[in-house]
Amino acid sequence: AMILTLLMSTTIARPLSRLRQRAEEILDRRGRLRGSFEPSRRSDEIGDLERALAELTRRLEEHLQFTESFAADVSHEFKNPLAAIRTATEMALEVDEPGERRRFLTMIQNDVARMERLLNEAREISRIDARIDEEELERVALDVLLENLVEAFRLRRGDRGPQFTVALADRTVEVVASADRLTQVFENLLANAVSFSPAEGTVTVTLRVEDEQAVATIADEGPGIPEEHIERIFSRFFSYRPDDEGDRGHSGLGLSIVRAVVEAYQGTVTAGARSGGGAKMTIRLPIAD
């Protein structure tokens with residue numbers, strides 16, 4: 001009994017006691033992480049528990065860093081429109097001429113509308129991060145979805161703006177996702193391509209199957225993306241529009257939402273240069289079994 005007690009103490013009780021002590025140490029009084037579990041080399045159940053706790057704290061720390069960084073970015077983005085609103089308000093109170101006062105009030109309205117867009121898209125990307133794993137998934141025919149979206153854009157724009165060229169795979173291409181989320185993704189990309197393309201240009205939409213993946217590409221004939229911005233365009237609040245001074249009409253969250261949705265479905269989205277000029281967005285999603 002003494003030998004068995006000693007064996008249990010050294011192999012079970014002491015490691016569990018160390019884990020409990022470490023769990024108490026990595027949390028401060030406000031409940032914030034100030035450390036993590038170290039992965040164990042043990043090959044028994046205690047080692048499995050230590051490795052699981054190490055992975056849990058690592059992912060929790062990443063999530064907390066994302067939340068803090070996102071909150072800081074949102075706060076930073078609100079500083080500019082708030083400062084503009086304050087300045088325009090002060091100027092509107094000082095002028096007596098109705099035309100000038102109306103101009104300042106219009107500036108205030110535009111900045112308030114910009115803040116509303118920021119709030120809506122920030123809330124949307126937060127909802128994607130928190131709830132997309134809980135949304136109901138289904139088999140979505142990607143070729144049908146793209147064809148319907150392009151037709152909707154054609155009807156909506158009529159003869160205005162660029163034309164569309166569609167080249168789809170010669171088979172049904174299905175992925176497992178939420179149809180609404182994929183619609184949101186491709187609507188963002190199509191709207192982006194249309195806004196960059198010249199009125200006489202063409203937006204090219206292609207879909208093919210490659211290495212058991214659905215590969216969708218949307219290319220425009222706009223100014224393209226400078227090499228130094230290729231890696232940044234999917235970052236939160238980053239917007240590059242050379243012909244739109246100050247990017248005041250864009251929140252810089254559209255492509256971040258696209259990336260968040262695609263990566264939630266184990267896919268990837270990349271940006272590049274279109275052959276002949278312009279930009280190209282490529283989405284890869286696993287094909288449904």
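**Exercise 1. In this predicted model, determine whether glutamate 212 is buried or exposed, and describe its backbone and its location.**

Solution. Glutamate 212 has a relative accessible area of 62%, and is therefore exposed, the cut-off for that class being over 50%. As to location, glutamate 212 belongs to the loop between strand 4 and strand 5. Its phi is near 60°, a positive value in a residue other than glycine. For context, most residues other than glycine have a negative phi.

**Exercise 2. Carry out the corresponding analysis for glutamine 266: where does it lie, and is it buried or exposed?**

Solution. Glutamine 266 is placed in the loop between helix 6 and strand 6 (268-273). With a relative accessible area of 61%, glutamine 266 is exposed. Although not a glycine, glutamine 266 has a positive phi of about 60°.

**Exercise 3. Establish which residues of helix 4 are buried, and how they are arranged about the helix axis.**

Solution. Begin with the extent of the helix. Helix 4 (residues 142-157) comprises 16 residues and reaches 23 Å from its first C-alpha to its last, close to the 22 Å expected at 1.5 Å a residue. Next, list the buried positions: Leu142, Asp143, Leu145, Leu146, Leu149, Val150 and Phe153. Viewed down the axis of helix 4, these residues fall within an arc of 165°, so they line one face of the helix. The underlying principle is that an α-helix has 3.6 residues a turn, so residues three or four places apart point the same way. Then identify the packing partners: the buried residues pack against strand 1 (138-141), strand 2 (163-167), strand 3 (174-177), helix 5 (179-196), strand 4 (202-210) and strand 5 (213-219). Finally, inspect the end of the element: just after helix 4, glycine 158 takes a positive phi of about 65°.

**Exercise 4. Classify the packing of helix 3 against helix 6 and against helix 2.**

Solution. Take helix 6 as the initial partner. Helix 3 (residues 98-131) and helix 6 (residues 254-264) pack at an angle of about 10°, with their axes 10 Å apart. The two helices are therefore roughly parallel, the limit being under 35 degrees. Helix 3 contributes Glu121, Glu124, Ile125 and Ile128 to the contact, and helix 6 contributes Gly254, Ser256, Ile257, Ala260 and Val261. By class, the residues of this contact are five nonpolar, two polar and two charged.

Turn now to helix 2 (residues 45-94), which packs with helix 3 at an angle of about 170°, the axes being 8 Å apart. Helix 2 and helix 3 are therefore roughly antiparallel, the limit being over 145. Their contact divides into 20 nonpolar, four polar and five charged residues.

Technical notes: Residues numbered from 1 in each chain as written. Predicted model: local features only at pLDDT ≥ 70, side-chain atom pairs only at ≥ 80, totals over all residues. Heavy atoms only, no water. Helix = DSSP H or I, 4+ residues; strand = E, 2+ residues; numbered from the N terminus. Expected span 1.5 Å × (residues − 1). Buried < 20%, exposed > 50% of the residue type's maximum accessible area, 1.4 Å probe, protein only. Arc of directions from axis to C-beta. Contact = heavy atoms within 4.5 Å. Axes fitted to C-alpha atoms, helices over the stretch in contact; angles between N-to-C directions. Parallel < 35°, antiparallel > 145°, perpendicular 65-115°, else oblique. Nonpolar A, V, L, I, M, F, W, Y, C, P; charged D, E, K, R; others polar.
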